[in-house]
Amino acid sequence: MPYIPHTQEELHEMLSVVGVRDLDGLFADIPPEMRPKQFNLPKGQSEAAVCAYFEGLAAKNCPDIMSFLGAGYYAHDIPKAVDALSGRSEFYTSYTPYQPECSQGTLQAIFEFQTAVSRLMGMDCANASVYDGGSAIFEAAMMAVRATRHRVLVVDEAVNPIWRVMLASYISSLDLELKTVKQEKGVSRLDALMAAIDDTTAAVIVQNPNFFGAVADYTQVFAKAREHKAFGVISVYPVMQSVLKTPGEMGADVAVAEGQSLGMPLSFGGPYLGIMTCRKEHIRQFPGRIVGRTNDLDGKTGYVLTLQAREQHIRRAKATSNICSNQALCALRSLIYMSLLGPCGLTRLAENNMALTRYAVERLTAIKGIELLNDAPYGNEVALRLPMPAQSLVDALAAHGCVPGYPLGRYYPGMENVLLLACTERNSRQQIGMLAETVGGLL
Amino acid sequence: MATNPTDLLYSKSHEWLRLEGDEAVVGITHFAQESLGDITYVELPLVGDEVSEEGEFGSVESVKAASDLVSPVSGSVVGINTALEQAPEKCNGDPYGEGWLMRVKYSRKPEGLMDAAAYEAFCATEGH
């Protein structure tokens with residue numbers, strides 16, 4: 001971290017340029033009673049003391065823990081090249097790319113990102129990203145509300161509960177209604193979703209695989225939505241898209257994703273990456289930035305913000321979203337990650353993780369009292385019913401340096417005994433064996 | 001400069017209006033399309049929407065700017081020019097014909113609009 005001091009001389013020079021005598025003069029516009037009386041900061045300490053303090057905090061982490069946690073955010077191996085390339089100062093320090101003449105590299109990277117995620121989702125177009133998977137769902141819902149002028153959002157209860165809370169919070173001041181369709185044993189009820197769609201529906205919002213890891217085909221749901229001029233919105237786990245029927249193939253209008261699993265480490269809640277893709281006919285309703293490829297007067301390829309630049313960046317009141325920013329660096333990381341793995345690598349990754357999960361299910365359901373919550377197809381994440389509260393198992397295994405998964409009771413009352421378990425390439429068969437033996441010993 | 005048709009009425013915000021029975025057709029003027037430059041997108045109301053005199057009913061976006069469309073008449077929208085979705089440039093090429101925007105069943109006859117001669121004089125004061 002750079003340490004940038006201001007000497008008294010520098011301070012005086014800056015203040016004289018501004019035309020004030022001292023720092024109080026600089027803040028004269030802020031009434032004294034509104035200025036902070038004090039900053040809640042400890043007194044200055046030596047570099048060594050500060051380092052020791054933070055090392056002490058860091059030592060509370062358990063980096064060697066064996067984890068089967070997923071629930072929307074996944075620990076994946078990240079090739080070292082992702083750090084090396086995304087850390088280049090051209091990308092790391094670049095500012096928002098309004099001026100194409102000095103931002104070609106950043107703009108091209110965003111264009112390539114849009115291309116990659118569009119292909120992954122089987123959709124026509126993508127934007128430059130938004131904050132995270134939850135805000136992407138909200139933006140997709142708002143696209144639907146604007147385009148259809150309907151006011152009811154039908155949401156599957158098997159959509160990630162954190163994202164549903166975000167959606168409810170974002171729309172709480174708007175004249176919209178959220179209609180939640182109950183899941184059944186972790187399986188999305190396609191018939192109930194279809195029955196909930198009518199002429200007031202702006203969008204039906206589903207997730208694949210859903211929060212419980214169950215995979216479904218929402219083609220019929222989206223067809224029903226189209227009959228009522230409503231949008232079909234789907235949130236997906238991007239790593240699984242190389243082996244599942246894509247949102248495009250299902251006929252979704254907008255497909256979104258939490259992009260963290262594509263090259264972002266898990267880091268106490270962020271930064272995350274909201275991926276958004278849509279069908280071409282909706283591009284005018286697309287929020288955020290869209291980069292297009294064009295030719296300049298000399299016929300050379302150039303990349304520019306396009307289709308809604310003025311709407312987004314000048315006429316704020318008319319903007320399709322007031323999220324004007326995007327996660328450019330995270331989008332770049334995901335692009336590099338996807339490029340390094342390639343289509344075959346992503347498929348192998350998904351298949352490998354599915355195979356590990358099947359092995360975990362085989363081992364764990366061999367233990368008396370543990371069974372699958374449902375018989376739906378699953379990917380690399382699955383819900384297991386335990387003969388005890390899942391939270392108690394998590395607490396007990398923590399002592400063994402293991403997190404067996406996510407206890408679902410917190411979000412789904414009545415599912416206190418259900419554990420959501422995910423496997424990625426970070427988990428080995430040996431780890432799964434150790435998990436099964438430890439769990440077996442406890443039950 | 002192309003002459004503005006004499007059978008139309010004109011507003012200060014550069015929309016034109018043609019009365020046809022109890023309905024009115026609305027578009028943007030030659031002056032407006034020329035000031036905007038190449039038009040790339042037209043956002044129109046939906047059939048059934050209510051529009052009001054001097055109220056915004058959509059927007060038009062060109063390579064230069066995005067501008068609100070202001071209705072010269074109050075009433076309900078009974079038709080829109082959907083051809084503009086695919087070909088917004090019709091507003092440039094034929095603003096008084098194929099580039100029309102919407103058809104309104106008006107609730108009261110619009111007042112205070114200019115005729116072609118007055119509008120031409122008005123445009124002259126706009127520095128064109």
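Student: Which helix joins S5(A) and S6(A) in a right-handed β-α-β unit?
Tutor: In this predicted model, the unit consists of S5(A), a helix and S6(A). Helices (H or I, at least four residues) and strands (E, at least two) are DSSP runs, numbered from the N terminus. The crossover is right-handed if, with the strands pointing away from the viewer, the path from the first strand over the helix to the second runs clockwise. The helix, residues 219-227 of chain A, is H10.

Student: In S6(A), which residue is the bridge partner of Val206(A)?
Tutor: Strands pair if DSSP finds at least two bridges between them. S5(A), residues 201-208, and S6(A) pair in the parallel sense over six bridges. Within S6(A), the partner of Val206(A) is Ile234(A).

Student: How many of the residues of strand S6 of chain A are buried?
Tutor: Buried means under 20% relative accessible area, exposed over 50%, partly exposed in between (1.4 Å probe, protein chains only). Phe231(A), Val233(A) and Ser235(A) point one way, and Gly232(A), Ile234(A) and Val236(A) the other. For S6(A), the buried count is six of six.

Student: Are the rings of Tyr73(A) and Tyr272(A) stacked or edge-to-face?
Tutor: Rings of Phe, Tyr and Trp (its six-membered ring) pair if their centres lie within 6.5 Å; planes under 30 degrees apart count as stacked, over 60 as edge-to-face and the rest as tilted. By this rule there are 16 aromatic pairs over all chains. With centres 4.6 Å apart and planes at 20 degrees, the rings of Tyr73(A) and Tyr272(A) are stacked.

Technical notes:
Residues numbered from 1 in each chain as written. Chains lettered and ligands numbered in written order. Predicted model: local features only at pLDDT ≥ 70, side-chain atom pairs only at ≥ 80, totals over all residues. Heavy atoms only, no water.
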